[in-house]
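Visitor: I should like to take a close look at one part of this model, the surroundings of its bound ligand. Please begin there and then work outward into the rest of the fold.

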Amino acid sequence: MPGRLIVLEGGDGSGKTTLTAALAALLGAEGHEVVATREPGGTPEGLVLRSLLLAESGTAWEAEAELLLITAARVQHVRRVISPALARGAVVLCDRFIGSTLAYQGGGSFIDPAIILGLHRDLVGDIWPDATLLLDLDPASALARSRARLAAAGHDEGRFEARDIDYHARVREAFLALARAYPGWTVLDAARPPEALLNAARAALAPLFPG
Ligand SMILES: Nc1ncnc2c1ncn2[C@@H]1O[C@H](COP(=O)(O)OP(=O)(O)O)[C@@H](O)[C@H]1O
Ligand SMILES: [Mg+2]
């Protein structure tokens, strides 16, 4: 497809949403049509599923059920938003994608990655990121950032924020293992200030925009 699919991955509080917005503005100013979107979400159906997954109390999904809900949201998102945007040549910036599923439901919750990849290939479609930027941050700093953000918004700890530090450490290691295994992944030190991260991100994407 003529467009480019650029994915931002990393733990909660690592700065994905902040960097997505900054990159969207930068690439837009360079003249690209940019579609900035996120998972789970990105469609009305995805937002309904997101609200089910992030519910603060009363629900406790089994990891496999969580995987199916997230995959359902991704099917809607790819068919209705991502693929059409790529087909018309847009740059799609997606805040979380298959990498998050492999890190959280795979590394964090021990689901076999072959199942996750199979669902993607068979149900979502043969669509993979052209580049993935991993915002790597130690879980304690990331947790402090997202707690501050949640407190500012008047919320208690979110669903994923509330899990123990071992879980977050497994997720971080799984993300780093993905970055070692797959070409097209770039690890960015997310402890740096936003402007430095934006510059590093743009430099990492240079091969996607020759000339
Ligand atoms: N590079 C950075 N350095 C310090 N704080 C940051 C940085 N990027 C984002 N933040 C702050 O950290 C919090 C989480 O950032 P956010 O972009 O929402 O992360 P994510 O989308 O990965 O959960 C926000 O309050 C944001 O303002
Ligand atoms: Mg975010």
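Visitor: By class, how many nonpolar, polar and charged residues does the shell around ligand 1 have?

Guide: The model is a predicted one. Within it, the shell around ligand 1 is made up of four nonpolar, seven polar and four charged residues. That shell holds 15 residues, and the closest to the ligand are G15, K16, T17, T18 and R145. Three helices each contribute at least two residues to it: helix 1 (16-29), helix 6 and helix 8 (194-204). Of the shell, helix 6 supplies the largest share, four residues, and helix 6 therefore merits a description of its own.

Helix 6 covers residues 139-152, and its 14 residues should span 20 Å at 1.5 Å a residue; the C-alpha atoms at its two ends are indeed 20 Å apart, so the expected and computed lengths agree. Three of its residues, P139, A142 and L143, are buried. Viewed down the helix axis, the buried residues lie within an arc of 95°, and therefore they line one face of the helix. The underlying rule is that an α-helix has 3.6 residues a turn, so residues three or four places apart point the same way. The face turned away from the buried side of helix 6 bears the exposed residues A140, A148, A151 and A152. On the inner side, the buried residues of helix 6 pack against helix 7 (165-181). Just beyond helix 6 comes G154, with a positive phi of about 75°.

Helix 7 also leads into the interior. The largest nonpolar core has 40 residues, and V92, L93 and L135 are the ones that touch the most other members. Helix 7 provides the largest share of this core, five residues. L93 shows how such a position is surrounded: beyond its neighbours within four places in sequence, L93 is in contact with I6, L8, T20, L23, A24, V34 and A36.

Several loops can be placed around this picture. D12 belongs to the loop between strand 1 (4-10) and helix 1. D12 has 22 C-beta neighbours inside 10 Å, and for that reason it counts as buried, the cut-off being 20 or more. D12 and G28 are 16 residues apart along the chain, and their C-alpha atoms are separated by 25 Å.

R96 is found in the loop between strand 3 (91-95) and helix 4 (98-108). R96 is buried because 25 other C-beta atoms lie within 10 Å. Its phi is near 80°, a positive value in a residue other than glycine. F110 likewise is a residue other than glycine with a positive phi, near 70°. F110 sits in the loop between helix 4 and helix 5 (113-124). Unlike a buried position, F110 counts as exposed, because it has 9 C-beta neighbours inside 10 Å and the limit for exposed residues is 12 or fewer.

Helix 5 has 12 residues and reaches 15 Å from its first C-alpha to its last, close to the 16 Å expected at 1.5 Å a residue. G125 follows helix 5, and the phi of G125 is positive, near 125°.

Another backbone feature occurs at E39 and P40, which are joined by a cis peptide bond with omega of about -15°. P40 is in the loop between strand 2 (34-38) and helix 2 (44-53).

On the other side of helix 2 in the sequence, A55 lies in the loop between helix 2 and helix 3 (63-87). A55 has 13 other C-beta atoms within 10 Å and is therefore partly exposed. The C-alpha atoms of A55 and G10 are separated by 21 Å, with their places 45 residues apart along the chain.

L69 is located in helix 3. With 17 other C-beta atoms within 10 Å, L69 is partly exposed. Apart from neighbours within four places in sequence, L69 is in contact with L49, L52 and L53. Between L69 and L135 the C-alpha to C-alpha distance is 24 Å, and the two are 66 residues apart in sequence. L135 returns us to the interior, as one of the residues that touch the most other members of the largest nonpolar core.

Methods:
Residues numbered from 1 in each chain as written. Chains lettered and ligands numbered in written order. Predicted model: local features only at pLDDT ≥ 70, side-chain atom pairs only at ≥ 80, totals over all residues. Expected span 1.5 Å × (residues − 1). Arc of directions from axis to C-beta. Contact = placed C-beta atoms within 7 Å. Core = buried A, V, L, I, M, F, W, Y, C linked by C-beta atoms within 7 Å. Near = placed C-beta within 6 Å. Nonpolar A, V, L, I, M, F, W, Y, C, P; charged D, E, K, R; others polar.
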